[in-house]
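Here is a protein to explore together, one piece at a time. Have a look at the sequence and the 3D view, and then read on.

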Amino acid sequence: MTDYGFLCRQLCSLSENVTEQITILSNTAALLSDALPDLNWAGFYILCGNELTLGPFVGKPACVKITLGKGVCGTAAERNETIVVPDVHAFPGHIACDSASNSEIVLPIHVGGKLFGVLDIDSPLYDRFTSHDKEGLESFVGNMEKILSLTHASHGTHTSSDIVLDAIRERRSIRRFKSDMPRREDIEKIIEAGLYAASGKGLQATVTIAVTNKEFRDMLAADNASFWSVETPDPFFCAPVILIVLGNKKRPTYLYDGSLVIGNMMLAAHALGLGSIWIHRAKQEFETPKYKRFLEERGILGEWEGVGHCCVGYIDGEPPTAANRRKNRVFWVD
Ligand SMILES: Cc1cc2nc3c(=O)[nH]c(=O)nc-3n(C[C@H](O)[C@H](O)[C@H](O)COP(=O)(O)O)c2cc1C
């Protein structure tokens, strides 16, 4: 019987200090192919838009794209559940990549609360995958998900314009965060994305205060809540990182500039597998003597207005889907 606990430990040690998803997936496919007897194919299909695209694998060349809902992989992805197929020839709509395959197991993989892709394993034996394999592989995938959530997509199949456009479409405001602190380097990347935002006359008339200190964050949350008519236990929804953006009132475009900074940050957070939300009332906070003094103490002198908070953290639960876009908001002049 396969020792899946040992396999999980091997996966962790192979993935230590590896930040590229493609590297982890490649080694994982090799690890499984090597460790599990009687396989003829082990690898990944990654969700790209509305279809699964072939990822790293060990085995014969395989089908490149699979539509959601089609074949065992597409069905497992669509149903969001592990599918064990004792006889692939009896599975309606089975997509035969290797004619030697007779049984198959497919497990969905989630990263950042969203479907990332599937692990697909084929065997030339009928009924190869037992309940022990199913449970073991589910726990193995659970470990993979944790490891992948700390890495960066390699986007092997995406063009850079796809990545940007997907991030714009898929980003949503998150209202349930885990308390775990995101990696410092990811927070820095999000801040950097804000620093690269367009600004009126290129004057970069904004500053960002990055709050990761829990005591300060909780105080800010309490102060923010005091400016809101709605009663709330935490206006930042438990997000552990609060990036406050302020605009220099001397510059005529400071509010637009600050808004773009936060927009860039939210997209960057999404691209890194983190959640974010814009929370308002930074203006009121930084009109108080307490927060004016806070700025002065840090040498941030002059007239600054709080534009907003970009709250960032790991998403707790499923991210929401976008509301339908309201119609009649675009007017062409051709
Ligand atoms: C200027 C601005 C202020 C916002 N302030 C808050 C806020 O104080 N509290 C909150 O829960 N959401 C706030 N949001 C988030 C919006 O509610 C959210 O963007 C909107 O519902 C659309 O959802 P989406 O971001 O998922 O598309 C704010 C968004 C913007 C752009």
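Let us begin with a turn: β1 and β2 form a hairpin with two residues between them, and glycine 49 in that turn has a positive phi of about 65°. Keep in mind as you look around that this is a predicted model.

**The hairpins and the six-stranded sheet**

The two arms of this hairpin are strand β1, residues 41–48, and strand β2, residues 51–59, which pair in the antiparallel sense over seven bridges. To find one spot along the pairing, look for alanine 42, which stands opposite valine 58 in β2.

Strand β2 also takes part in another hairpin, with β3, and here five residues lie between the strands. The pairing of β2 with β3 (residues 65–67) is antiparallel and has three bridges. Leucine 52 has isoleucine 66 in β3 as its bridge partner.

Now step back to see the whole sheet. In what order do its six strands lie? The order is β3-β2-β1-β6-β5-β4, in an open sheet with antiparallel pairing. At the edges stand β3 and β4 (83–85); each has a single partner strand, so one side of each is left without a neighbour in the sheet. On average, neighbouring strands here are turned by 25° against each other, direction ignored.

Helix α3, residues 71–79, packs on this sheet and touches β1, β2, β3, β4, β5 (103–111) and β6 (114–123). The direction of α3 makes about 35° with that of β5. Another helix, α4, lies across β4, β5 and β6 and runs at about 30° to β5.

**A closer look at one leucine**

Helix α4 covers residues 131–149, and leucine 148 has its place there. Is leucine 148 buried or exposed? A residue counts as buried if 20 or more other C-beta atoms lie within 10 Å of its own. Leucine 148 has 23 other C-beta atoms within 10 Å, so it is buried. Leaving aside neighbours within four places in sequence, the contacts of leucine 148 are Gln21, Ile24, Val111 and Phe116. Glutamine 21 shows nicely how a chain can fold back: it is 127 residues from leucine 148 in sequence, but 6.4 Å from it in space, C-alpha to C-alpha.

**The four-stranded sheet**

Next comes an open sheet of four strands, with the order β7-β8-β10-β9 and antiparallel pairing. Its edge strands are β7 (206–211) and β9 (275–279), each with a single partner strand, so one side of each has no neighbour in the sheet. Neighbouring strands of this sheet are turned by 20° against each other on average, direction ignored. Helix α8, residues 254–271, packs on the sheet and touches β7, β8, β9 and β10. The direction of α8 makes about 5° with that of β10.

Strand β8 (residues 241–248) pairs with β10 (residues 304–313) in the antiparallel sense over eight bridges, and with β7, also antiparallel, over six bridges. Strand β8 is mostly covered, as seven of its eight residues are buried. The table lists some residues of these strands and their opposite numbers.

| Residue | Opposite residue | Strand of the opposite residue |
|---|---|---|
| Valine 241 | Valine 312 | β10 |
| Isoleucine 242 | Cysteine 311 | β10 |
| Threonine 208 | Valine 245 | β8 |

**Around the ligand**

Which residues are found around the ligand? They are Arg172, Ser173, Ile277, Trp278, Ile279, His280, Gly308 and Ala322. Strand β9 gives the largest share of this shell, three residues. Sorted by class, the shell has four nonpolar, three polar and one charged residues.

**The whole protein**

Finally, zoom out. The protein has ten helices and ten strands, and its C-alpha trace spans about 75 × 55 × 35 Å along the principal axes. The domain assignment gives domain 1 (4–149) and domain 2 (160–313), with 38 Å between their centres, taken over C-alpha atoms.

How much of the protein is made up of buried residues? They make up 36% of the 334 residues. Among contacts between residues at least 6 apart in sequence, 68% join residues at least 24 apart.

Terms used. Residues are numbered from 1 along each chain as its sequence is written. This is a predicted model: local features need pLDDT of at least 70, side-chain atom pairs count only at pLDDT 80 or more; totals for chains, interfaces and linings use all residues. Two strands pair if DSSP finds at least two bridges between them. Axes are lines fitted to C-alpha atoms, for helices over the stretch in contact, and angles run from 0 to 180 degrees between N-to-C directions. Two residues are in contact if their C-beta atoms, placed from the backbone, lie within 7 Å. Domain bounds come from an automatic or database domain assignment. A residue is near a molecule or strand if its C-beta atom, placed from the backbone, lies within 6 Å of it. Ala, Val, Leu, Ile, Met, Phe, Trp, Tyr, Cys and Pro count as nonpolar, Asp, Glu, Lys and Arg as charged, and the others, Gly among them, as polar. A residue is buried if 20 or more other C-beta atoms lie within 10 Å of its own, exposed if 12 or fewer, and partly exposed in between; C-beta atoms are placed from the backbone.
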